[in-house]
Amino acid sequence: MAEELGLGFGETASVEMLPEGDSSRPKARARLRARSYNVHWSLTCCLLLLPVLAGLTAYLLVCQIQAQEDCVPQIPNGQESGSSHELSYAPFRADRDKPRAHLTVVKQTPAEKLHQKNQFPALHWEHELGLAFTKNRMNYTNKFLVIPEMGDYFVYTQITFRGTTSECGDISQRKGQNKPDSIVVVITKVTDSYPEPSQLLTGTKSVCEISSNWFQPLYLGAMFSLQEGDKLMVNVSDISLVDYTKEDKTFFGAFLL
């Protein structure tokens, strides 16, 4: 069956109409329904996958942040910090895990008043009781504080001296000069690689002008690069003048920076 359509300007076109009972219409509707079903199914799958992808992304970010927090950058010795390729990562070491020690004075024996091998006598210390301690492989033995590992250490000591008289020594009549008495404290390092002890710190004070019943604290402290096995001791000019009555007056210690 055909109909004529007016196109204007006197022209016409014929369109052939399908019969109402044509079997192609149900097939077309079925195809449309199938396409609509596929589109809805695809959208549903996408919506279901979005939470899964979001959760996986969040998990990966959390893992990456934790991995970065477990590592801190360390710059190798002797290298500049400006070059990023020279940075290495190592686990963070808490200060509580570093070697350290604080020793307090004890009463010295009279036999230690004499000088030995052209050195001042060395003090011995308490390393366990009261305020004293040694931690993380720092060891005290036979007047020596033994360094357990290589590194930069802050070494310190305070020696309090106490006396009852103040004599300035003999006066030389020919020179007309006084030779004042003094107190001396030395922190000494002993190492197996060098035969002679080396002085790390030295402090001296004159007691010539101090009146009777005097006391004088002398403090020393500085940073040193030490090797494993180095031994530290404190020497004084006169052990009999060291005040050992209280542990906060005379002490000795070191800790890794």
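## Nonpolar core, open sheet and loop residues

Among the 33 residues of the largest nonpolar core, W125, L145, V155 and I159 touch the most other members. Two or more residues of this core come from each of β5 (100–105), β10 (151–163), β13, β14, β15 (214–226), β16 and β17 (251–256). Strand β15 gives the largest share, six residues. The structure is a predicted model, and what follows is computed from it.

I159 can be followed further through its contacts. Leaving aside residues up to four places away in sequence, I159 touches L123, W125, V185, Q216, P217, L218, V234, V236, V242, K249 and T250. One of these contacts, W125, is also named with I159 among the core residues that touch the most other members. Another, V185, has G203 in β14 as its bridge partner.

**The open sheet**

Five strands make up an open sheet, in the order β8-β9-β16-β13-β14, with antiparallel pairing. At the edges are β8 (139–141) and β14, each of which pairs on one side only. On average, neighbouring strands of this sheet are turned by 25° against each other, direction ignored.

How many bridges join β13 to β14? Nine bridges join strand β13 (residues 182–191) to strand β14 (residues 194–206), and the two run antiparallel. β13 and β14 form a hairpin, with two residues between them. Elsewhere in the sheet, β9 (residues 144–146) and β16 (residues 231–236) pair in the antiparallel sense over two bridges. Here V146 stands opposite K231 in β16. In a regular strand, side chains alternate between the two faces of the sheet.

**Two loop residues with positive phi**

Most residues other than glycine have a negative phi. R137 and N142 depart from that sign: phi of R137 is near 75°, and phi of N142 is about 50°. The table sets out both residues.

| Residue | Phi | Loop | Relative accessible area |
|---|---|---|---|
| R137 | near 75° | between β7 (133–135) and β8 | 55%, exposed |
| N142 | about 50° | between β8 and β9 | 59%, exposed |

The loop that holds N142 joins β8 to β9, two strands of the open sheet. N142 and H124 are 18 residues apart in sequence, and their C-alpha atoms are 7.3 Å apart in space.

**Aromatic pairs**

A search of the whole structure finds five aromatic pairs. One of them is formed by F154 and F255, which are tilted, with 5.6 Å centre to centre and 35° between the planes. Because F154 lies in strand β10 and F255 in strand β17, this pair ties together parts that are 101 residues apart in sequence.

Are the two phenylalanines F154 and F255 buried or exposed? Both fall in between: F154 is partly exposed, with a relative accessible area of 24%, and F255 counts as partly exposed at 33% relative accessibility. The nonpolar core takes in buried residues, under 20% relative accessible area, so neither F154 at 24% nor F255 at 33% belongs to it. Ring pairs link F154 and F255 with Y156 and F251 into a cluster.

**The annotated segment**

The unreviewed UniProt entry carries the annotation "transmembrane region" for residues 39–62. In the model, the chain over residues 39–62 is 100% helix and 0% strand. The end C-alpha atoms of this stretch are 35 Å apart.

Conventions:
Residues numbered from 1 in each chain as written. Predicted model: local features only at pLDDT ≥ 70, side-chain atom pairs only at ≥ 80, totals over all residues. Heavy atoms only, no water. Pairing = 2+ DSSP bridges. Helix = DSSP H or I, 4+ residues; strand = E, 2+ residues; numbered from the N terminus. Axes fitted to C-alpha atoms, helices over the stretch in contact; angles between N-to-C directions. UniProt positions renumbered as here; feature names shortened; annotations may be inferred. Buried < 20%, exposed > 50% of the residue type's maximum accessible area, 1.4 Å probe, protein only. Core = buried A, V, L, I, M, F, W, Y, C linked by side-chain atoms within 4.5 Å. Contact = heavy atoms within 4.5 Å. Phe/Tyr/Trp six-rings, centres within 6.5 Å; stacked < 30°, edge-to-face > 60°.
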